[in-house]
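Student: Could we go through this chain together? I would like to begin with the overall picture and then turn to the details.

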Amino acid sequence: MSLGRRNEERQSEFWVATQNLPVAPGHVVYEKLNALLAEAGFDEWIEGLCEPYYAKTGRNGIPPGIYFRMLMVGYFEGIGGQRGIAWRCADSLSIRKFLGIPADEESPDHSSLSIIRDRLPWEVHIAAFVFGLELARKKNLLDGRTVGVDSTMLEANAAMKSIVRRDTGEDWQQYLAGLMREAGTIGPDETPTAEQIKRFDKSRKNKKVSNDEWESPADPDSRIAKMKDGTTHLAYKAEHVVDLKTEMIISAEIYHANEGDTQTIEDTVRLGQVNLEDSGSDVQIRDVVGDSGYHSAELLDIFADKTPFRTYIVEPKLPAGNSRTWTDKPPTQRAAVYANRRRWRGVRSRRLQRQRSERVERTFAHVCETGGARRTWLRGIEKVRKRYLIAAMTHNLGRLMRELFGMGTPRGLQKGAELADEVLRAVYLAVIAIGCALATCWRRAITIHSAPAIPRPSRLATDGWRRDHRNRRFSTGC
């Protein structure tokens, strides 16, 4: 056989037989997920649901099942941007097999994902999310009686440098230049340099910016907020309601970043109850577990009076010497706060709080960190809500697959193989070490057993020897 040489300018074949196209074995996780979706009839169901939003005639568009599967690939592969998802789907033969795209056809481009997302309303995406919950319910992996609630910040696709004033439309540089003219640092008609603006901005006080005064022209729905690492960005807020027994996300909602937790928790929990009912479950949410960020006398009164939910919300500690004042509040708020206090101080509440801090935070780690949703590449709260909802749906499918097949994500399967290899290596080294230790002990036992006995003296040395030893002088003179 002669040496083959790589030639980039070689002319490709004009006709290629279908049986000669490259094929690859599918990934076991994607094959299991396809079998799970095929068993539930996902493609036929989603096509019937999306049919009213397509024209009756014309060229056939991309099937909705491929659109939703490409978003699932973004979660499984940890890709946040649509360009990255489109490239990954076009590059991998196993993912193309998961999508159902033949080797002689091109995979959808990133612009196709944007067009389909804008075409399909939010109701279709929430229906797909409920489909995942229904699939979990049929597999007896959905409880929903006790839920945990928490929220996190998602970085928006807009920069703080691009914010402008809501009233005048001035950007940050123009605003600082106006402040410099008011302070007399520069003349009325003088234009400051970038270095002068930077020096002035560094020395001035009260540099906080408000969402009431500033907005982003690129993404007006984003809000200025502080992230988990302490930095300030334009962001959205994501809130999860998680089943504490099965770790299924019952509802995943996106809000403006400046909306407080006490303002959104009721809507998110009610949406979770609606999702449970739409999935065919007759379970009623009974207990709602939250951290101290959700504690509010008014909120607890609303939950106690107008909802069937029972709260286990941690009460924040007051400064030393301070106590709550109830003279200016209705008696129902005081009763609701004291009732919640009795519950969260109990033994069951401690167990529920540990589960909440572990399992709810784990859903954010899967969706936002390893799932690539911490930084959104879309603009507009409606678009972000659609994309995030499908990521939460894929998380539920991953949890379902982990319970059924022992594998939740393709990367998790790879990590499991690496862990198994490390365990086998450790066991092998431990067996070798134990064998060496046993061999050493056996050799010592044989040596001691076969050695001749040494007669011990019947009495100690005489006192004269001791006296001579004490009087002996050594070469060092000591």
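Tutor: What follows covers the chain as a whole, its strands, one helix pair and the cysteines. This is a predicted model, in which local features need pLDDT of at least 70, side-chain atom pairs count only at pLDDT 80 or more, and totals for chains, interfaces and linings use all residues. Residues are numbered from 1 along each chain as its sequence is written, and side-chain values use heavy atoms, with hydrogens and water left out.

Student: How many helices and strands are there in the protein chain?

Tutor: The protein chain has 16 helices and eight strands. Helices (H or I, at least four residues) and strands (E, at least two) are DSSP runs, numbered from the N terminus.

Student: And what share of the residues counts as buried?

Tutor: Of the 478 residues, 41% are buried. Buried means under 20% relative accessible area, exposed over 50%, and partly exposed in between, with a 1.4 Å probe and protein chains only.

Student: Which strands does β1 pair with?

Tutor: Strand β1 (residues 146-155) has nine of its 10 residues buried. Nine bridges join β1 to β5 in an antiparallel arrangement, and three join β1 to strand β7 (residues 287-290) in a parallel one. Two strands pair if DSSP finds at least two bridges between them. Gly148 stands opposite Val242 in β5, and its bridge partner in β7 is Val289.

Student: What joins β5 to β6?

Tutor: Seven bridges join strand β5 (residues 232-243) to β6, and the two run antiparallel. Tyr236 stands opposite His256 in β6. The two strands form a hairpin with five residues between them, and Glu247 in the turn has a positive phi of about 65°.

Student: Why is β6 described as largely enclosed?

Tutor: Eight of the eight residues of β6 (residues 249-256) are buried, so the strand is largely enclosed by the rest of the structure.

Student: Changing topic, at what angle do α10 and α11 pack?

Tutor: Helix α10 (residues 261-278) and helix α11 (residues 297-306) pack at about 25°, with their axes 10 Å apart. Axes are lines fitted to C-alpha atoms, for helices over the stretch in contact, and angles run from 0 to 180 degrees between N-to-C directions. The two helices are therefore roughly parallel, a term for angles under 35 degrees.

Student: Which residues meet there?

Tutor: Thr262, Ile265, Glu266 and Arg270 in α10 meet Leu299, Ile302, Phe303 and Lys306 in α11. Contact means heavy atoms within 4.5 Å.

Student: Finally, how many disulfides are there?

Tutor: The count is zero, a disulfide being a pair of cysteine sulfur atoms within 2.5 Å. Cys50 is buried at a relative accessible area of 1%, and Cys89 is buried at 0%.

How values were computed
Angles under 35 degrees count as roughly parallel, over 145 as roughly antiparallel, 65 to 115 as roughly perpendicular and the rest as oblique.
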